[in-house]
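Me: Could you look at this chain with me and tell me what lies behind the terms used for it?

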Amino acid sequence: MADGEHVPVLVVGGGLVGLTTTLFLAEQGVRALLVDRHPGASIQGRARGINQRTMEIYRALGLEEAIREAGKPFEDDWGVARCETLAGEWHWLFGDAAPRSWPDLSPGEFCQADQGAVEPILIAAARELGARHRFDTEVVSVVTEDDGVTAVVRDRATGVEQTVRADYVVAADGHRSPIRERLGIHRTGPGVIQHSVSIVFRADLSEFVPKPALFWIIVNEKVGGGLVTTARPDRWGMSVGYDPAAGESIADFTAERCVADVRAAIGRDDLAVEIEDVAAWEQAIGIADRYREGRVFLAGDAAHVWPPAGAMGANTGVQDGYNLAWKIAGVVHGWAGKGLLDTYHDERHTVAVELSDLVVHRQMKRNSTEIEDDITDDQLWTLGQRYWSSAVIGAGHDTVFGDTLDKVARAGVRAPHLWVERDGARLSTHDLFGRGFVLFAGADGAAWVEAASEVSARLSVPVRAFRIGAAGGLTDPENLWGERYPVGAGGAALIRPDGYVAWLSPATARPSEALAEAFRAILRRG
């Protein structure tokens, strides 16, 4: 890479958020360069739970099967148990009764696939679409200007520094985000609430684990409080806290101490234990006051962070990238005005503020014995997040969540899932999203299909149109179109590339004019 090379987008940080954002950009035809300061994928078990919303996104990109295969070693792990030691009596906070799929609501099924197994799948998919990925590379500086961003990156192996010129930068560089700090973006919240060490070890625990779990909460005098989780094959993970204010540090966790902590958690002093890796990490609570500074955008932990609970950490970050990528693509390709980029903060910041409160509440309950008092609704907070911004026309709400999950298409909500058939193949409406706008019209909506083709060509906006229940269109075998998309046989629903309803219209005598006007408003084209 020569000094001064230009890329449309520079993505900083190679975790799930940086990788998926790079992939989403590539799907939209935007060539991105991702730099990752780590030399390769970590063996630390992280971000294993992939919720139904994220899985339906992966499904639309053709990655569902590969990710599900990566999660097979963990598919029987379910429920959370609390105990003094793994060898002692377990108290199940919740078991395996929770359904992993909601076929009436989403084509996605909850999947357990460790981040270390998913990352190679995302890297390969993004590279196949033209994205580039550089390990062992860190960002030294970022300078924002009106017409672009100049970044200096350093190869950590050789020390060689190079200059990259980008139209935009996505900072997915973790909760301590050096880029956020350099930009002076304040983060609201208590900050770090706990320092922890993650220990990856090998041991034969078959004697103590007759039934697998998502994780075990271990509480005893020797360990204090900790978590144990699986990490196949014959590999396990354990997390324990430490207190820097008391003079403790990661250096105190020698192999001998780690073995002792593992044995104390398992409840067997003579257990054979092999320590493979030890890493420090922090639990924190904080949300960046703004997600955008000029041409730099924050995503994932750089934008928001909270304790791990409810599979709403990495999943929320992935969905940040899904929201942002199509907006950057629209501006880069020229079919959207730059004002569209402001809606990223408007939409995702409000979601993070609401989720932070919910997650902290759930974490507190998980660490108590009052799990039955958990007020969160998994279906609602996974699928019911709502937007209201200039990228939506006619939103009738001003809160992230309603009282219940609404299955009806409304402006600013995730498009309702509907099983349809095309050429004899069964698919979800969500299988059609992710690359451009989608216009759904009723059986009498031939004029809308023609309008979509004409407006797409005139405004250079990527849009595909489908009639539901008409010859040559999508069939509605469950006869739910009219119930879930109440626009009438001659109306239409415009869905954004991220699967959210942008606009609904009843039948009109001038569909081309109506659709063009809607696009100009949504895309801030003036």
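Here are some questions and replies on the whole chain and then on one sheet.

Reply: Happy to, with a note first: this is a predicted model, where local features need pLDDT of at least 70, side-chain atom pairs count only at pLDDT 80 or more, and totals for chains, interfaces and linings use all residues. Residues are numbered from 1 along each chain as its sequence is written, and side-chain values use heavy atoms, with hydrogens and water left out.

Me: Why is the chain called as compact as a globular protein of its length?

Reply: The radius of gyration, taken over C-alpha atoms, is set against the globule rule, 2.2 Å times the number of residues to the power 0.38. For 526 residues the rule gives 24 Å, and the chain's radius is 24 Å, so the chain is as compact as a globular protein of that length.

Me: What makes β21 and β23 a pair?

Reply: Strands (DSSP runs of E, at least two residues) pair if DSSP finds at least two bridges between them. Four bridges join β21 (residues 437-441) to β23 (residues 492-495), so they pair by that definition; they run antiparallel, and L439 stands opposite L494 in β23.

Me: What is the strand order of the open sheet of four strands?

Reply: The order is β22-β21-β23-β24, with mixed pairing.

Me: Why are β22 and β24 called edge strands?

Reply: β22 (463-467) and β24 (501-505) each pair on one side only.
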